[in-house]
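The following exercises concern residue contacts, burial and helix packing. Each task is followed by a worked solution.

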Amino acid sequence: MTKRSLYDLYMAGAAAVREHDATCTTCSPDRRCTTGRRLYGELVRLQDNYLAHLRTR
């Protein structure tokens, strides 16, 4: 099994948030359910890490 790149993890996180948002009836841009908050928080963390990685290149 190959290690996934930071970019791949970031894109997978974004896809997970989009998929959740498309099916969750309680999430909105202003409020998120528990799962939505967790997924969005993970996406923010991955995005921050990816952007920091780009700045160091």
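The model used in these exercises is predicted.

**Exercise 1.** Determine which residues His20 touches, leaving out those up to four places away in sequence, and decide whether His20 is buried or exposed.

*Solution.* Beyond residues up to four places away in sequence, His20 touches Cys27, Cys33, Thr35, Gly36 and Leu39. The next step is to place His20 itself: it belongs to helix α1. Its relative accessibility is 13%. Buried means under 20% relative accessible area, so His20 counts as buried.

**Exercise 2.** Take Leu39, one of the residues touched by His20, and establish its helix, its burial and its contacts.

*Solution.* Leu39 lies in helix α2. The relative accessible area of Leu39 is 19%; the cut-off for buried is under 20%, and Leu39 is therefore buried. Setting aside residues up to four places away in sequence, Leu39 touches Ala16, Val17 and His20. A further link is seen in the backbone: the C-alpha atoms of Leu39 and Gly13 are 7.2 Å apart, although 26 residues separate the two along the chain.

**Exercise 3.** Describe how α1 and α2 are arranged relative to each other, and identify the residues that make their contact.

*Solution.* Two packed helices are described by the angle between their axes and the distance between the axes. Here the axes of α1 and α2 come within 9 Å and cross at roughly 150°. Angles over 145 degrees count as roughly antiparallel, so α1 is roughly antiparallel to α2. The crossing of α1 past α2 is left-handed. On the α1 side, the contact is made by Leu6, Tyr7, Leu9, Tyr10, Gly13, Ala14, Ala16, Val17 and His20. On the α2 side, the contributors are Thr35, Gly36, Leu39, Tyr40, Leu43, Leu46, Gln47, Asn49, Tyr50 and His53. Sorted by class, the contact has 12 nonpolar, 7 polar and no charged residues.

**Exercise 4.** Identify the members of the largest nonpolar core and state which helix gives the most to this core.

*Solution.* The largest nonpolar core consists of 7 residues, namely Tyr10, Ala14, Val17, Leu39, Leu43, Leu46 and Tyr50. Both α1 (6-23) and α2 (34-55) supply at least two residues of this core. The greatest contribution comes from α2, with 4 residues. One member, Leu43, can be followed further: leaving aside its neighbours within four places in sequence, Leu43 is in contact with Tyr10, Gly13, Ala14 and Val17.

How values were computed: Residues are numbered from 1 along each chain as its sequence is written. This is a predicted model: local features need pLDDT of at least 70, side-chain atom pairs count only at pLDDT 80 or more; totals for chains, interfaces and linings use all residues. Side-chain values use heavy atoms; hydrogens and water are left out. A nonpolar core is a set of buried Ala, Val, Leu, Ile, Met, Phe, Trp, Tyr and Cys residues joined through side-chain atoms within 4.5 Å. Buried means under 20% relative accessible area, exposed over 50%, partly exposed in between (1.4 Å probe, protein chains only). Contact means heavy atoms within 4.5 Å. Axes are lines fitted to C-alpha atoms, for helices over the stretch in contact, and angles run from 0 to 180 degrees between N-to-C directions. Angles under 35 degrees count as roughly parallel, over 145 as roughly antiparallel, 65 to 115 as roughly perpendicular and the rest as oblique. A crossing is left-handed if the near helix is turned anticlockwise from the far one by less than a right angle, and right-handed if clockwise. Ala, Val, Leu, Ile, Met, Phe, Trp, Tyr, Cys and Pro count as nonpolar, Asp, Glu, Lys and Arg as charged, and the others, Gly among them, as polar.
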